[in-house]
Amino acid sequence: MCLRKHRKAVEKVAEEKENKSTVEEETTEDKRPADAETQEETQEAGEEEQTEDTQEEEQEEKAEEKKTSFFKKKEKKDKKDQQIAELTDRLQRTMAEFDNFRKRTEKEKASMYIIGAKEIVEKILPVVDNFERGLASAEEGDAFAEGMKMIYKQLMTTLEELGVEPIEAVGKEFNPDFHNAVMHVEDDSLGENVVVEELQKGYMYKSFVIRHSMVKVAN
């Protein structure tokens with residue numbers, strides 16, 4: 001009786017050990033595939049990360065290339081703009097210089113024309129003076145004198161059309177810019193510094209004095 005009980009106890013313990021061993025083996029077998037799957041997943045994740053890193057590097061390289069290309073284009077554009085600005089400035093300066101040269105040339109031509117005209121008028125004025133002296137001494141009704149008077153009028157009209165005008169003197173205040181005082185008289189009935197007599201007519205060509213009037217000044 002006692003032997004049976006002991007044998008059953010031993011068999012039960014052995015069975016329990018066997019069951020435990022079987023459970024442990026199954027657990028180990030279950031763990032092994034899980035570990036393999038985890039390893040595969042880790043490897044795949046690493047490959048994905050490496051792929052992503054490679055793609056990011058490629059994108060960065062492309063962005064850097066675009067940036068470099070953009071700056072090169074911008075640099076080329078800046079050089080072109082600078083050349084355009086320099087050429088525009090040169091052109092403007094040349095045009096300004098040419099305009100100044102044209103104005104200066106026109107002014108010089110006008111000045112030369114005025115100088116030449118003044119010289120001609122100066123040479124004609126003695127002829128005008130002689131006409132006036134001859135007409136002043138001519139008798140009234142003389143046909144020759146009348147003819148000379150007509151020629152004198154024609155000459156004076158021509159000079160006036162050219163811009164030659166006599167300077168007003170008698171009754172005007174003495175002005176050294178237009179008058180040349182050669183005589184002086186004291187007369188209380190006249191004003192101070194007044195031209196009382198014109199001894200020789202003065203003339204102007206446009207705004208230039210060709211010959212000053214020779215006058216007598218009072219007080």
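Author: Rings of Phe, Tyr and Trp (for Trp, its six-membered ring) pair if their centres lie within 6.5 Å, and a pair is stacked with planes under 30 degrees apart, edge-to-face over 60 and tilted in the rest. The model is predicted, so local features need pLDDT of at least 70 and side-chain atom pairs count only at pLDDT 80 or more, while totals for chains, interfaces and linings use all residues. Residues are numbered from 1 along each chain as its sequence is written, and side-chain values use heavy atoms, with hydrogens and water left out.

Reader: How many aromatic pairs does a search of the whole structure find, and what makes F131 and Y152 such a pair?

Author: The search finds one aromatic pair. The ring centres of F131 and Y152 are 6.2 Å apart, within the 6.5 Å limit, and their planes make 40°, which is neither under 30 nor over 60 degrees, so the pair is tilted. F131 sits in helix α1 and Y152 in helix α2, 21 residues apart, and the pair thus links distant parts of the chain; helices here are DSSP runs (H or I, at least four residues) and strands are E runs of at least two, numbered from the N terminus.

Reader: Why is F131 counted as buried or exposed, and what about Y152?

Author: Buried means under 20% relative accessible area, exposed over 50% and partly exposed in between, with a 1.4 Å probe and protein chains only. F131 counts as buried because its relative accessibility is 16%, and Y152 is buried because its relative accessible area is 15%. Across the 219 residues of the chain, buried residues make up 13%.

Reader: What is the largest nonpolar core, and which residues have the most contacts inside it?

Author: A nonpolar core joins buried Ala, Val, Leu, Ile, Met, Phe, Trp, Tyr and Cys residues through side-chain atoms within 4.5 Å. The largest has 13 residues, and V128, M156, V164, Y203 and Y205 have the most contacts inside it. Two or more residues each come from α1 (2–137), α2 (143–161) and β4 (203–205), with α1 giving the most, six residues.

Reader: How do you know which strands are the edges of the sheet?

Author: Strands pair if DSSP finds at least two bridges between them. Three strands form an open, mixed sheet in the order β2-β6-β3, and β2 (179–185) and β3 (194–200) are its edge strands, as each pairs on one side only. Five bridges join β3 to β6 (residues 213–218), so this antiparallel couple passes the threshold of two.
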